[in-house]
Amino acid sequence: MGRLFAIEIIYRGIFQKTLAKNISRAIVLAAHEEGKPGISFGRYGDSPERNGIPAKNFAIVATDDVTLEEGMAKYEPKEVDITIAVDDTLCKGVESWAWYGLQPVNRLLKPGGTLIVTSREKPETIITMSHRKEYPYQLAIMTGTVSFSGLWAYKDDHTDVRILGIISRVLPDLFTLKSVQKVIMEVWKDPIKVQSAAKAFDRTSSITVRPDQGNPEVPYKFDLPKWHEMGEGIAIPSIPAGGAFEDPETRAVGGFRPDRNPTFKKYTTRTMRPVINFDTCIKCTLCWLQCPDSCFDVTPDHLYDANMLACCGCGVCEAVCPVKECVTMVNETEFADNASQWEMWKKDKKGYEAWLQSKIAGRRERSHGFRYRGQYEEQIPEMLNIASEG
Amino acid sequence: MAEAATSVQEHKKTDETALITGSEAIAVACKLADVDVITAYPIRPYDTVMQYVAKLVANGEMDCEYIVAEGEHSQFEIVKHASACGARVFCGSSGVGWMYAMEALTVTPALRIPMIAMVGNRALDDPGAFGVEHNDALAVRDLGWQLVWVNSPQEALDTALIAYRVSEDRRIFLPCAISCDGAFLTHSQALVQIPAQEKVDAFLPRYNRADLLLHPDNPITVAPQGNEDWVMEIRRQNFAAMERTAGVIREAYADFERIFGRPYGNPFFEEYKTEDADIVLMGMGTLSTPVRVAIRQMREKGKKVGLVRMRWFRPFAAEELANCLSRFSAVGVIDRDYSFGSPYMGGVLAGEVRNALYPSPGRKPPVLGFICGLGGREVTVPDVEKMVESVYRAAEGKSQPLTQWVGLRE
């Protein structure tokens, strides 16, 4: 049997669908330049995609047709040579909308495989976000503004070809930079994109991530029930309504916290999270009312605490809040955990104020790409700088 | 000014005899079963049932929610939801009306809804014929619907009561369609024994949706979207429910005989003059009448012919039927339906009968298929004689076409 290559592209549904598809297709076409057959597909269970929800594309390539068929016999590869996360916040975990359960971003990586992440963060930040792996793997960062666009508009910021250049660097057995450049000319007919791929090839280096590095959390596990253990009639018990809870400082009981699904969380959809200034909150209830995911807990002192396991990071709370900077959306990479902001504030109001200001002041604008008109234009100088300086 | 009907009339204490059509018999069964929610949308020949139900409600003889929907899809969806909320329901349709409801028909067994529907069998369009063909009801044969064919108004009434009893059994919770041949049954009146209400009450317990009841006191989510991690298990559950139907049907017929005093023998198929028969014909619905007449005439000429009339098509009593058919030297199956492109281009029932025989350890008689009586064309005594001749030739080992069209202008 020949050699089988598997590459997965993890992306944010809809916003990066075309990007992921372009990378996946170009991988197969570049390998084909070197006589290798391959297939490219989007994971069926991820479709129809929901805004921002993690999804996957796969490129399977082999040295010959028979080996390729071995790879195609299982729909989703059990292990991959390269995992590409085209948004760094995906490193916190991947929970597809149809596949319950959070999975580590590096779950499918082979020993010694490479995780390629598009990010402006330092490697330490990416490593801290990613779950630990029992064996070492490589991390390569493609420095750049995370590319978000949509189904109908494509942000041609060269993320696609730069990723291809990096693949030819970290896995030269799959294809060479020369094949990548040939495909770029065939597909995009753009010599500047050819240069971008070459620059990415030259600039990329990877570091080894050890088993003792990364998020030590063990993603929850569950057993699927047998057919005779399941309820009949496609009817499932509802999640209980929830109720009052205790203030950790005053021990007062009150407010309302809805019970939430114990196995299906939503936070891996999030690229930014609301940071709340409880001191300026006027308790108008709008964030709580408008949140499409019922993620706000009503606290015993009648404030509104966004639960970070349930928040998708859509930004509606920020949009409806009538008080300036009471709710501010901040890049998800700024946070190490999903702890309650309200509890932090209750315990140490001064400390919370300092924490809040540091998050807001240092925040780098972050979104799915349509929060306000002219946002892309604002990013162009930075993107040009990354392109020339690296 | 006439006084508005404000209360339901007193229940009848004793059996009585009435001259009614098959459709009216079904409507009377709905009244006796005290159905809670009935939806309707007119299409011939089913519309006769909705007219009779409307009359019963308007006369104050029956108390139910009677909703005329804006189409069959809504008609079946409304009762599906009402049943999920614990209501005993009834609806029905015919031909392409039934097909228009198809999406609702597929989800009904999946959600384990014990809906009882009357299908007034009608040819599918085009050419827009009103007459009977069985393809409408048969379109749902793989989906978890119980399907039963009846051949008289009496059997229609009795089978409707039995269908409620079986479908609403917690072990089953599957829908059931009662097929009544257009015109021959839906529009023909016969003398029917209408049982006393107390007998029906003794036979038919109230519908109890139990753990699946959609109610604020029992918070559940019904029909969430599931993926490949769940679908096979859900289908397997419906497989198990359908497996249990045969036993529950037997129980119900035994109780029916005990309470109403009317025996049906084997619930799944009826045998006529088969004890000494060389060959038998098979079929479903009202075509049994000309077949029985033909059999009697041919027996006078020394031809030992019998009839096996299938009542329950789903569940299909395969083993029992294979056992029965092993007694004969050849079988002719009359299909009032078609299945173009199917094995040997036969009708649906012929294919099912061959299928039932194949794994049987006993004798496997040759099975000939006859397509006959489509679009409401009469199945005549000479037609039946023609079939019998061919089946006899097959019994003698002579090669016969496996599918023959009978009663065709050719």
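These are my notes on chain B, its two domains, its nonpolar core and its contact with chain A, in a predicted model.

**Chain B overall**

I began with the secondary structure of chain B, which comes to 13 helices and 16 strands. I then checked the radius of gyration: chain B has 21 Å, close to the 22 Å that the globule rule gives for 410 residues, so chain B is as compact as a globular protein of that length. Along the principal axes, the C-alpha atoms of chain B fill a box of roughly 65 × 60 × 45 Å. I looked up burial next and found that buried residues make up 50% of the 410 residues in chain B. For contacts in chain B with a separation of 6 or more, I noted that 81% are between residues 24 or more positions apart.

**Domains of chain B**

The domain assignment splits chain B into domain 1 (16-260) and domain 2 (269-406). I took the centres of the two domains of chain B over C-alpha atoms, and they are 28 Å apart. Where the domains of chain B meet, 26 residues of domain 1 are in contact with 20 residues of domain 2. On the domain 1 side, I listed the elements of chain B that give two or more residues: α6 (135-138), β6 (146-149), β7 (176-181) and α9 (231-260). The residues of that side divide into 15 nonpolar, 8 polar and 3 charged.

**Nonpolar cores**

The largest nonpolar core has 132 residues, and I recorded Ile26(B), Leu161(B) and Ile178(B) as those with the most contacts inside it. Helix α7 (residues 153-167) of chain B gives the most to this core, with 8 residues. Each of domain 1 (16-260) and domain 2 (269-406) of chain B supplies at least three residues to this core. I followed Leu161(B) further: leaving out residues up to four places away in sequence, Leu161(B) touches Ala29(B), Leu32(B), Ala33(B), Val200(B), Phe203(B) and Leu204(B). Another core, of 60 residues, lies apart from the largest one and includes Leu29(A), Ala55(A), Leu90(A) and Trp97(A).

**Contact between chains A and B**

I counted 17 residues from chain B and 12 residues from chain A in the contact. On the chain B side, β9 (220-222) and α9 are the elements that give two or more residues. The most comes from α9(B), with 4 residues. I sorted the residues of the chain B side into 10 nonpolar, 3 polar and 4 charged. Last, I looked at strand pairing across the chains: strand β8 (residues 235-237) of chain A runs antiparallel to β9(B), and 3 bridges join them. In this pairing I found Pro237(A) opposite Ile220(B) in β9(B).

Technical notes: Residues numbered from 1 in each chain as written. Chains lettered and ligands numbered in written order. Predicted model: local features only at pLDDT ≥ 70, side-chain atom pairs only at ≥ 80, totals over all residues. Core = buried A, V, L, I, M, F, W, Y, C linked by C-beta atoms within 7 Å. Buried ≥ 20, exposed ≤ 12 C-beta atoms within 10 Å, placed from the backbone. Domains from an automatic or database assignment. Contact = placed C-beta atoms within 7 Å. Nonpolar A, V, L, I, M, F, W, Y, C, P; charged D, E, K, R; others polar. Rg over C-alpha atoms; globule rule 2.2 N^0.38 Å. Pairing = 2+ DSSP bridges.
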